[in-house]
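Visitor: Please take a close look at one part of this model, the way its helices pack and cross. I would like one connected account.

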Amino acid sequence: RTVRPAAMLLLLIFALYDACYLRLLIGPPLNANALLGLAEQLAVVVGAWAILLLARGDRPVGATVARITFGACSLVFGLAHFMAPVQTGNMVPAWLPGGQIFWAIATGAGHAAVGLGLIANRFAVPATRLGALMYMCFVLLAWLPGAFTHPTQWLRWEGAAISLCMGAALWLVGDLLASSQCRAGSERPKVGRVGGEASA
């Protein structure tokens, strides 16, 4: 009974955050960095919306909007990695093989691949699963170790929290898309073997 009210509350809270980032984005003064914050909060809004759509049943238009919106957010995340590889790399543990810049670019490519898969609707559900796994790696490898060693640095806790929220939201979008695909498959008429008649 509490799932839908909780989803609506999350949607409203993160939509309010989005409004704050939108105000920074349109200025004045113009703050281009607000686009990343806008996309992060919007991704969580989409996840909350996916819960509501799943609870209400068949909503193909809503699923399409959720898929494309999260895909656009993923492209923004990838662009942020590509435009600031050094700053992104500084968040990568130095002990990971390959180097920090490599992982900054690789995860940027991962974000871009998720975004393109969702927007083009090609391997969209697997893209949500792999993308959510990537977010979990961010939490476990990049954010939480530093949060425990530097507990007073709030940005590390915030990074872990928003990464968990975005990973969960992406997984929920995958659930929504998988549910829509199952419904579409079950509604297709089956051709009978005798006389080519359609059977239920």
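Guide: Helix 2 and helix 3 cross in a left-handed manner. The model is a predicted one. The pair, with helix 2 covering residues 34–56, packs at an angle of about 155 degrees, and the two axes lie 9 Å apart. That angle makes helix 2 roughly antiparallel to helix 3, because angles over 145 degrees count as roughly antiparallel.

Helix 3 also takes part in a second pairing. Its residues are 60–83, and its axis comes within 7 Å of the axis of helix 5, residues 100–120, with a crossing angle of roughly 160 degrees. Helix 3 is therefore roughly antiparallel to helix 5. Here too the crossing is left-handed, as helix 3 passes helix 5.

Next comes the loop that follows helix 5. Asn121 sits in the loop between helix 5 and helix 6, and Phe123 is placed in the loop between those two helices as well. The backbone of Asn121 has a phi near 60 degrees, a positive value in a residue other than glycine. Phe123 is not a glycine either, yet its phi is positive, at about 55 degrees. As for accessibility, Asn121 is partly exposed, with a relative accessible area of 37%. Phe123 counts as exposed because its relative accessibility is 69%, and the cut-off for exposed is over 50%.

Beyond the loop is helix 6, which spans residues 124–149 and gives the most to a nonpolar patch, with five residues. That surface patch has an area of about 730 Å² and is made by Trp95, Leu130, Leu133, Met136, Leu140, Leu141 and Leu164. One of these residues, Met136, is found in helix 6. Met136 has a relative accessible area of 35%, so Met136 is partly exposed; that value also passes the patch cut-off, because patch residues need over 30%.

The pairs and the loop belong to a protein with seven helices and two strands. Read from the N terminus, the order of elements is α-α-α-α-α-α-α-β-β. The C-alpha atoms fill a box of roughly 70 × 40 × 35 Å along the principal axes. The protein has 200 residues, of which 38% count as buried.

Conventions. Residues are numbered from 1 along each chain as its sequence is written. This is a predicted model: local features need pLDDT of at least 70, side-chain atom pairs count only at pLDDT 80 or more; totals for chains, interfaces and linings use all residues. Side-chain values use heavy atoms; hydrogens and water are left out. Patches are made of residues with over 30% relative accessible area and no salt bridge: like charges are joined within 9 Å, nonpolar side chains (Val, Leu, Ile, Met, Phe, Trp, Tyr) within 5 Å. Accessible areas come from the Shrake-Rupley method with a 1.4 Å probe; for residues, only the protein chains shown count as cover. A salt bridge is a side-chain nitrogen of Lys or Arg within 4 Å of a carboxyl oxygen of Asp or Glu. Helices (H or I, at least four residues) and strands (E, at least two) are DSSP runs, numbered from the N terminus. Buried means under 20% relative accessible area, exposed over 50%, partly exposed in between (1.4 Å probe, protein chains only). Axes are lines fitted to C-alpha atoms, for helices over the stretch in contact, and angles run from 0 to 180 degrees between N-to-C directions. Angles under 35 degrees count as roughly parallel, over 145 as roughly antiparallel, 65 to 115 as roughly perpendicular and the rest as oblique. A crossing is left-handed if the near helix is turned anticlockwise from the far one by less than a right angle, and right-handed if clockwise.
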